[in-house]
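Please look over the model below before reading on. The text then walks through two parts of it.

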Amino acid sequence: MIKRKIYIADDDTNIRLIIKAFLENSGYIVKDYKTGDLLLTAFINSPPDLVILDVMMPGSSGYVICKEIRKISNVPIIILTARDSDLDNTTGMELGSDDYLIKPFSPTALVMRVESLLKRIEYDHFFRI
């Protein structure tokens with residue numbers, strides 16, 4: 001089984017470490033970043049299989065990072081944020097995220113969403129060959 005690589009950007013260290021622990025316990029390779037700008041730089045050098053972005057971070061917002069990633073990749077992106085208005089959700093989806101999860105969140109539910117997105121990508125790839 002191939003280990004999938006996931007990048008997380010969130011300025012809250014506790015949230016990053018919780019997400020990282022849950023995903024690593026599920027068999028993923030996880031790199032975490034305290035800003036979206038750091039994640040984007042890493043992404044350009046070595047793209048992951050999935051990205052999880054907070055919206056409100058120092059530097060570029062998660063929305064900006066999502067938009068920049070979409071210019072170069074179709075990698076699955078999950079927005080994970082405390083911003084819970086319909087407008088925020090719509091903005092995230094229109095910029096290219098595949099899912100939008102509101103904080104506080106269940107780490108188990110996040111892992112399930114990650115697994116679902118990655119299975120869909122594998123399924124789509126299998127049937128394109």
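What follows describes a strand with its partners, then a single serine. The model is predicted.

Strand E1 covers residues 5-9, and 5 of its 5 residues are buried, so the strand is largely enclosed by the rest of the structure. Its side chains are split between two directions: Lys 5, Tyr 7 and Ala 9 point one way, while Ile 6 and Ile 8 point the other way. Both sets are buried, Lys 5 included.

E1 pairs with strand E2, residues 29-33, in the parallel sense over 5 bridges. In this pairing, Lys 5 stands opposite Ile 29 of E2. Helix H1, residues 13-25, belongs with these strands: E1, H1 and E2 make a right-handed β-α-β unit.

E1 is also joined to strand E3, residues 50-53, by 4 bridges, and these strands run parallel. Here Tyr 7 of E1 stands opposite Val 51 of E3.

The serine is Ser 97, which is found in the loop between helix H4 (86-94) and strand E5 (99-102). Is Ser 97 buried or exposed? Its relative accessibility is 6%, and because the cut-off for buried is under 20%, Ser 97 counts as buried. The side chain of Ser 97 reaches the backbone oxygen of Gly 92 at 2.9 Å. Leaving aside residues up to four places away in sequence, Ser 97 touches Cys 66, Ile 77, Ile 79 and Gly 92. Gly 92 therefore appears both as a residue that Ser 97 touches and as the owner of the backbone oxygen that the Ser 97 side chain reaches, for a residue that counts as buried at 6% relative accessibility.

Definitions and conventions: Residues are numbered from 1 along each chain as its sequence is written. This is a predicted model: local features need pLDDT of at least 70, side-chain atom pairs count only at pLDDT 80 or more; totals for chains, interfaces and linings use all residues. Side-chain values use heavy atoms; hydrogens and water are left out. Buried means under 20% relative accessible area, exposed over 50%, partly exposed in between (1.4 Å probe, protein chains only). A polar contact is a pair of N or O atoms within 3.5 Å; within protein, one must be able to donate a hydrogen and the other to accept it, and residues adjacent in sequence count only if both atoms are side-chain atoms. Contact means heavy atoms within 4.5 Å. Two strands pair if DSSP finds at least two bridges between them. A crossover is right-handed if, with the strands pointing away from the viewer, the path from the first strand over the helix to the second runs clockwise.
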